[in-house]
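Please read this report with the sequence and the 3D view side by side. Each section takes up one topic and can be followed on the display.

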Amino acid sequence: MWSEANLLLLLGFTRALCREMASRSIRVNALLPGWVNSSMWTDLKPELQQAYLKDTPLNRVADPAEVADAALFLASNGFANNCILNLDGGLSAA
Ligand SMILES: *[C@@H]1O[C@H](CO)[C@@H](O)[C@H](O)[C@H]1NC(C)=O
């Protein structure tokens, strides 16, 4: 769901911000969710839903709680810095 160009921008931005904020002891991480069970997903055309599910090895969308759990991990783990967390059920491997 992320284009290669946007992914590179995001990685570069995270890395730059990580270096920039280090002196202030601020950690910078990126959480990259795939499709999440939300109105954004349910409003999607069924054909598109099927196509995304087919490309997602886990063959389902995320529960919002699973994304919240990942955000909590990034916020609470003091060694998570410039951590790029793909949480897309494997869609990015397609
Ligand atoms: C999405 O959430 C609704 C409400 O909690 C639930 O009924 C439904 O089964 C969920 N759908 C998927 C694809 O997870």
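## Aromatic rings

The count comes to two aromatic pairs in this protein. In one of them, Trp35 and Trp41 form a tilted pair, with 5.5 Å from centre to centre and 55° between the planes of the rings. Trp35 is buried, because its relative accessible area of 12% is under the cut-off of 20%. Trp41 is buried as well, with a relative accessible area of 7%.

The other pair joins Trp35 to Tyr52, and because the planes of these rings stand at 55°, with centres 5.0 Å apart, this pair is tilted. It links distant parts of the chain, since Trp35 lies in the loop between strand S1 and helix H2 (39-42), while Tyr52 belongs to helix H3 (residues 46-55), 17 residues apart from Trp35. Tyr52 is partly exposed, with a relative accessible area of 24%. Taken together, Trp35, Trp41 and Tyr52 form one aromatic cluster.

## Confidence in the model

The model is predicted, and its mean pLDDT is 96, with 99% of the residues reaching 70 or more. Among the elements of the protein, H1 has the lowest mean pLDDT, at 95, whereas helix H4 (residues 64-76) has the highest, at 98.

## Helix H1 and its two sides

Does the length of H1 agree or disagree with what is expected of a helix? At 1.5 Å a residue, the 18 residues of H1 should span 26 Å, and the C-alpha atoms at its ends are 26 Å apart, so the two values agree. The buried residues of this helix are Thr14, Cys18 and Met21. Seen down the axis of H1, these buried residues fall within an arc of 80°, which means that they line one face of the helix.

What do the buried residues of H1 pack against? They pack against strand S1 (30-33) and strand S2 (84-87). On the other side of H1, the exposed residues are Glu4, Ala5, Leu8, Leu9, Phe13, Arg19 and Glu20.

## Leu10 within H1

Leu10 has its place in helix H1, which runs over residues 4-21. With a relative accessibility of 21%, Leu10 counts as partly exposed, because buried residues must be under 20% and exposed ones over 50%.

Which residues does Leu10 touch, if its neighbours within four places in sequence are left aside? Leu10 is then in contact with Trp2, Ala30 and Leu32. One of these partners, Ala30, is 20 residues apart from Leu10 along the chain, and yet the C-alpha atoms of Leu10 and Ala30 are separated by 7.9 Å.

## The salt bridge

How many salt bridges does the structure hold? It holds one, and this salt bridge is formed by Glu66 with Arg60, whose closest N and O atoms are 2.9 Å apart. Glu66 counts as partly exposed, at 32% relative accessibility, and Arg60 is also partly exposed, with a relative accessible area of 42%.

Key: Residues numbered from 1 in each chain as written. Predicted model: local features only at pLDDT ≥ 70, side-chain atom pairs only at ≥ 80, totals over all residues. Heavy atoms only, no water. Helix = DSSP H or I, 4+ residues; strand = E, 2+ residues; numbered from the N terminus. Buried < 20%, exposed > 50% of the residue type's maximum accessible area, 1.4 Å probe, protein only. Contact = heavy atoms within 4.5 Å. pLDDT = per-residue confidence, 0-100. Salt bridge = Lys/Arg side-chain N within 4 Å of Asp/Glu carboxyl O. Expected span 1.5 Å × (residues − 1). Arc of directions from axis to C-beta. Phe/Tyr/Trp six-rings, centres within 6.5 Å; stacked < 30°, edge-to-face > 60°.
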